[in-house]
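Good morning, and thank you for making time for this short presentation. Please keep the sequence and the model in view while I speak.

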Amino acid sequence: MRYCLALDLKDDPQLIAEYERYHAPGGVWPEIIDSIKNSGVEHLEIYRTGNRQFMIMEVNGDFSFEKKADLDAANPDVAVWEELMWKFQQALPWAREGEKWLLMDKIFELG
């Protein structure tokens, strides 16, 4: 299964550059990589244009957003990482209180 999500960064070139350093090879903490994999995410990519980000997650049959939220809530490393990342991120204008990455709707497919 594939999920696509979106989130904005603060529109500040220095913050965006620092955020990208955290996401360069070797920049994401190993505990965060383990947490992502343990939730059932098998492949994850993040793309950026300007300050808008797009995430593609390929997940296995064990994955659910509820399971991931529960695992994240029980992991102090994830809490520290998320607090750090919020320094760079900002919610999309239509996000509800507390929402970060928003699930996108597929509106077209060729093939």
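I begin with Glu82, which counts as partly exposed, at 33% relative accessibility. Please bear in mind throughout that this is a predicted model.

Which residue forms a salt bridge with Glu82? The partner is Lys100, and the closest N and O atoms of the two are 2.6 Å apart. Lys100 lies in the loop between β4 and β5, while Glu82 belongs to helix α4, so this pair ties together parts that are 18 residues apart in sequence. Is Lys100 buried or exposed? With a relative accessible area of 18%, Lys100 is buried, because the limit for that class is under 20%.

Let me place this pair in context. General chemistry first: side chains of opposite charge can pair when their charged atoms come close. In this model, the count comes to eight salt bridges, and I shall discuss two others besides the one just described.

One of them joins the side chains of Lys87 and Glu18, at 3.5 Å from N to O. Here Lys87 sits in the loop between α4, residues 76–86, and β4, residues 89–90, whereas Glu18 is part of helix α1, residues 13–23; the pair therefore ties together parts that are 69 residues apart in sequence. Both residues are partly exposed: Lys87 has a relative accessible area of 40%, and Glu18 has one of 23%.

Another salt bridge is formed by the side chains of Arg96 and Glu99, with an N to O distance of 3.1 Å. Arg96 counts as exposed, at 62% relative accessibility, and Glu99 as partly exposed, at 23%.

I now return to Glu18 and its helix. Which residues does Glu18 touch, if we leave aside those up to four places away in sequence? They are Lys87, its salt-bridge partner, and Phe88. By way of contrast, Ser35 is 17 residues from Glu18 along the chain, and the C-alpha atoms of these two are separated by 22 Å.

Helix α1 itself has two sides to consider. Leu15, Ile16 and Tyr19 are buried in α1. They cover an arc of only 100 degrees around the axis, which puts them on the same side of the helix. The general background is that an α-helix has 3.6 residues a turn, so residues three or four places apart point the same way. On the other side of α1, the exposed residues are Pro13, Gln14 and Arg21.

What do the buried residues of α1 pack against? They pack against the strands β1 (2–9), β2 (41–49), β3 (52–59) and β4, and also against helix α4. Helix α4 is also the element that holds Glu82, the residue with which I opened.

The start of α1 deserves a brief remark. There, a side-chain oxygen of Asp12 reaches to within 2.8 Å of the backbone nitrogen of Gln14.

Finally, I turn to the surface. Which residues make the nonpolar surface patch of about 460 Å²? They are Ile107, Phe108 and Leu110. Phe108 lies in the segment after β5, residues 102–103. With a relative accessible area of 63%, Phe108 is exposed, because the limit for that class is over 50%.

That concludes my presentation, and I would welcome your comments.

Terms used
Residues numbered from 1 in each chain as written. Predicted model: local features only at pLDDT ≥ 70, side-chain atom pairs only at ≥ 80, totals over all residues. Heavy atoms only, no water. Patch = residues over 30% accessible without salt bridge, like charges linked within 9 Å, V, L, I, M, F, W, Y side chains within 5 Å. Areas by Shrake-Rupley, 256 points an atom, 1.4 Å probe, with all protein chains shown as cover. Salt bridge = Lys/Arg side-chain N within 4 Å of Asp/Glu carboxyl O. Helix = DSSP H or I, 4+ residues; strand = E, 2+ residues; numbered from the N terminus. Buried < 20%, exposed > 50% of the residue type's maximum accessible area, 1.4 Å probe, protein only. Contact = heavy atoms within 4.5 Å. Arc of directions from axis to C-beta. Polar contact = N/O pair within 3.5 Å; in protein donor to acceptor, adjacent residues only side chain to side chain.
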